[in-house]
Amino acid sequence: MNSKLYVGNLSFETTEADLRNAFEPFGTVTEVHLASDRYTGRPRGFAFVTFGSEAESKAAAEKLNGTQLGGRALTVNEARSPDGAAGPGSSAASRQFSSPNRRAGAFHARGKRRH
C-alpha cells in the first residue's frame, strides 16, 4: 500500500485543517492537498493526505472510510498514480487503435469511396 490516501466526497466547506485534525490520530500527516479548481479557486470535493508510513495510512483508510466529516460520508482509498492508472489489466492498456489493413490505398481496394 501507498502512504498517500485519496479522500473523496468532501463538503466544499472542508478545510485543510479539518482534514489534518481528522487524520492525525492515526499517525504523522506529512502533507494535505485539498484540490481546488484552477480557474475559480473553489474546492473540487476531494483531497490527498500523505502519511509518514504505509502502516499509518492503511489504519487511517480502514477506520475513516465511510465516516462523517462535514455532514458527508468520506471515501478513503489508496491514491493511485496517474501513470499507473492504465496498468496491464486495464481496458485502456489493451485498446488497439490501428486496423490490420492500414496500407496506402486499402480503403479504396475494399470498394469504399469517399466521394
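Does Asn-9 count as buried, partly exposed or exposed, and what is its relative accessibility? In this predicted model, Asn-9 counts as partly exposed, with a relative accessibility of 31%. The residue belongs to the loop that runs between S1 and H1. Its backbone is also notable in the computed geometry, since phi of Asn-9 is near 65°, a positive value in a residue other than glycine.

The setting of this loop is given by the overall fold. The protein contains four helices and six strands, and their order along the sequence is β-α-β-β-α-β-β-β-α-α. The chain comprises 115 residues, of which 23% count as buried. The exposed surface amounts to about 8200 Å², and 48% of this area is supplied by carbon and sulfur atoms. When contacts between residues at least 6 apart in sequence are considered, 61% of them join residues at least 24 apart.

A second residue of the loop between S1 and H1 is Thr-14. Thr-14 counts as buried because its relative accessibility is 6%, under the 20% limit that defines a buried residue. With residues up to four places away in sequence set aside, Thr-14 touches Leu-19, Leu-34 and Leu-69.

In soluble globular proteins, nonpolar side chains tend to be buried together. In the present model, the largest nonpolar core has 17 residues. The members that touch the most other members are Leu-5, Val-7, Leu-10, Leu-19, Phe-23, Phe-51 and Val-76. Two or more residues are given to this core by each of strand S1 (4-8), helix H1 (16-23), strand S2 (29-36), strand S3 (43-51) and helix H2 (54-64). The surroundings of one core member, Val-7, can be described in detail. Beyond its neighbours within four places in sequence, Val-7 is in contact with Leu-19 and Phe-23, with Gly-45, Phe-46, Ala-47 and Val-49, and with Leu-74, Thr-75 and Val-76.

Helix H2 has a buried side and an opposing exposed face. Ser-57, Ala-60, Ala-61 and Leu-64 are the residues of H2 that are buried. These four lie on the same side of H2 because they cover an arc of only 100° around the axis. The buried residues of the helix pack against S1, H1, S3 and strand S6 (75-78). On the face turned away from the buried side, H2 carries the exposed residues Ala-55, Glu-62 and Lys-63. Just after H2, Gly-66 adopts a positive phi of about 90°.

One of the buried residues of H2, Ala-60, also takes part in a long-range spatial relation with Pro-25. The two residues are 35 apart in sequence, while their C-alpha atoms are 8.4 Å apart in space. Pro-25 is located in the loop between H1 and S2. Pro-25 counts as exposed because its relative accessible area is 65%, over the 50% limit for that class.

Aromatic side chains were also examined. Four aromatic pairs are found in a search of the whole structure. Tyr-6, Phe-46 and Phe-48 together form one aromatic cluster. Phe-48 of this cluster also has a charged partner, as Lys-4 lies over the face of its ring at 5.7 Å from the ring centre. Phe-46, another member of the cluster, is among the residues in contact with Val-7.

Conventions: Residues are numbered from 1 along each chain as its sequence is written. This is a predicted model: local features need pLDDT of at least 70, side-chain atom pairs count only at pLDDT 80 or more; totals for chains, interfaces and linings use all residues. Side-chain values use heavy atoms; hydrogens and water are left out. Buried means under 20% relative accessible area, exposed over 50%, partly exposed in between (1.4 Å probe, protein chains only). Contact means heavy atoms within 4.5 Å. Accessible areas come from the Shrake-Rupley method with a 1.4 Å probe; for residues, only the protein chains shown count as cover. A nonpolar core is a set of buried Ala, Val, Leu, Ile, Met, Phe, Trp, Tyr and Cys residues joined through side-chain atoms within 4.5 Å. The arc is that of the directions from the helix axis to the C-beta atoms. Rings of Phe, Tyr and Trp (its six-membered ring) pair if their centres lie within 6.5 Å; planes under 30 degrees apart count as stacked, over 60 as edge-to-face and the rest as tilted. A charge sits over a ring if NZ of Lys or CZ of Arg is within 6 Å of the ring centre and within 35 degrees of the ring normal.
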